[in-house]
Amino acid sequence: MLYIPILKNRTVEMNVLEEFTKKKLWGPYIIPLIELVQEKTKTNAKNTSLDEIKELLKENHQQLFIDFFRSTKLNNTQKSIQEYLNKVNRQSGFYITELMQLQEVSEQIVPVISYLSELSTAEINNKLKNDFCQLHQHFIKIALRIQASTFLDCIPVLENLLDKNSYLLIDIGTAPYSNPVFKPVWNAAENLKREKNCTTIVLNDNRPSNLYNKDLKDKSPIPEIDNGLRDYYLQIHCDGFGDYAGITSSLPTNGGRISPAGIYYSKDNNCFISFVGRAAQLSEFSEYIAPSIVESKYWNEFSVNHHKFCPGCQKIEKITTPTDPYTGKSQAIWKGITMSHYIYTMNEYAKENSH
């Protein structure tokens, strides 16, 4: 099993990347995919995100997929995101120039070739061929992120590009993975895997963008997040799966109200559990949400060792320790906790199921 958590280069996700990398927590079964949405993680940062990634990889032996957010629908997003993604998606060759900044650590980088959904089949196939040729001169391994809706049209080109150093990432987006419409896609992907000896991964976006904290029920599983791909990828003979680690794939919009909630992954039930504050106050994170998680049956699924080493659980325990100044009174912190606990659990799950 190979698991691909997709992280954008925003503060919370970059903190997760840094912590897991420095503590060597990714393990052999997880390769994170960084989806770049802006030049700098923080607008006032001295270095770009690519500089940060380069320095992190120089100091740590870790492999990373690097991709770019593919959309021209950027209303209500921050200006820095709009400006960067307009270059990525409208300027031919811009993203390749960006990737070239990582040549120093090229053995640890797997560049991802992806594309806008509105492109024609001919444009997609030309882009795949041209970008692959350019990148293959500088990087040993290449990933091709193909949208399931255009996958069958790309097969003739994929047959010429894929080899044992390639990753084929089939992105089904928000569609249900078990939809019969995908059967020809899974069959074709299996044939390519067998013929080209490439690694095949299914990516999905399983948390609806319109699922807000205010919609969640306290101490309840979240039916809107279907995590079944964790097991289903085996039925379609892929090597693994990827997702956004319990958070939404959509870009942040400006504004928003305080609506305290914590989301905690249950490995035994393969679902996410919501713990919701009783009032719209940040103090609910430390006074109600964190204690509720620790007292729950879902917390008790995990071993003492898990709680000791999982970065997400470590933070929850700190929040519930009266003598610790770490209060966790921030929805951003809890986003990081959700991601960290889920990713750490996926690594454990992969180890358990790798034999």
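A residue counts as buried when its relative accessible area is under 20%, and as exposed when that area is over 50%. The exercises below apply to a predicted model.

**Exercise 1. Decide whether E35 is buried or exposed, and place it in the chain.**

Step 1. The relative accessible area of E35 is 3%, so E35 is buried.

Step 2. E35 belongs to strand β2, which covers residues 33–36.

Step 3. For a distance across the model, take E35 together with Y298: 263 residues separate them in sequence, and their C-alpha atoms are 30 Å apart.

**Exercise 2. Describe the overall build of the chain, and work out whether its radius of gyration agrees with that of a compact globule.**

Step 1. Count the secondary structure: there are 13 helices and 11 strands.

Step 2. Take the extent of the C-alpha trace, which is about 60 × 45 × 35 Å along the principal axes.

Step 3. A compact globule of 355 residues would have a radius of gyration near 20 Å; the chain has 20 Å, so the two agree.

Step 4. Add the burial: 55% of the 355 residues are buried.

**Exercise 3. Classify the ring pair F272 and Y342 as stacked, tilted or edge-to-face.**

Step 1. Ring centres must lie within 6.5 Å to pair. Under this rule the model has 15 aromatic pairs.

Step 2. The ring centres of F272 and Y342 are 5.1 Å apart and the planes stand at 45 degrees, so this pair is tilted.

Step 3. Locate the partners: F272 is in strand β11 (residues 271–276) and Y342 is in helix α13 (residues 331–352). They are 70 residues apart, so the pair links distant parts of the chain.

Step 4. Check the burial of each partner. F272 has 0% relative accessibility and is therefore buried. Y342 also has a relative accessible area of 0%, so Y342 is buried.

Step 5. Widen the view: F272 and Y342 belong to one aromatic cluster with Y3, Y233, F241 and Y265.

**Exercise 4. Find which ring lies under R70 and which ring lies under the charged end of R230.**

Step 1. R70 is placed over the face of Y95, 4.7 Å from the ring centre.

Step 2. The charged end of R230 is over the ring of Y349, at 4.0 Å from its centre.

**Exercise 5. Describe the second largest pocket: what is its volume, and how many residues line it?**

Step 1. The volume of this pocket is about 710 Å³.

Step 2. Its lining has 30 residues, and those nearest the centre are R70, R145, Q147, D171 and G173. R70 is also the residue that lies over the face of Y95.

Step 3. Elements that each give at least two residues to the lining include β3 (64–68), β5 (142–147) and α6 (148–161).

Step 4. By residue type, the lining holds nine nonpolar, 12 polar and nine charged residues.

**Exercise 6. For N197 and N270, find the phi value, the loop and the burial class.**

Step 1. Most residues other than glycine have a negative phi.

Step 2. N197 is not a glycine, yet its phi is positive, near 60 degrees. N197 is in the loop between α7 (183–196) and β7 (199–203). Its relative accessible area is 52%, so N197 is exposed.

Step 3. N270, also not a glycine, has a positive phi of about 45 degrees. The loop that holds N270 runs between β10 (261–266) and β11. With 12% relative accessibility, N270 is buried.

Notes: Residues are numbered from 1 along each chain as its sequence is written. This is a predicted model: local features need pLDDT of at least 70, side-chain atom pairs count only at pLDDT 80 or more; totals for chains, interfaces and linings use all residues. Side-chain values use heavy atoms; hydrogens and water are left out. Rings of Phe, Tyr and Trp (its six-membered ring) pair if their centres lie within 6.5 Å; planes under 30 degrees apart count as stacked, over 60 as edge-to-face and the rest as tilted. Helices (H or I, at least four residues) and strands (E, at least two) are DSSP runs, numbered from the N terminus. Buried means under 20% relative accessible area, exposed over 50%, partly exposed in between (1.4 Å probe, protein chains only). A charge sits over a ring if NZ of Lys or CZ of Arg is within 6 Å of the ring centre and within 35 degrees of the ring normal. On a 1 Å grid over the protein atoms alone, a cavity is a set of points where a 1.4 Å probe fits but cannot get out, and a pocket is an open set with protein on both sides within 12 Å along at least five of seven lines; lining residues have an atom within 4 Å of a point. Grid points are joined across faces, edges and corners, and a volume is the space filled by probe spheres set on the points. Ala, Val, Leu, Ile, Met, Phe, Trp, Tyr, Cys and Pro count as nonpolar, Asp, Glu, Lys and Arg as charged, and the others, Gly among them, as polar. The radius of gyration is taken over C-alpha atoms; the globule rule is 2.2 Å times the number of residues to the power 0.38.
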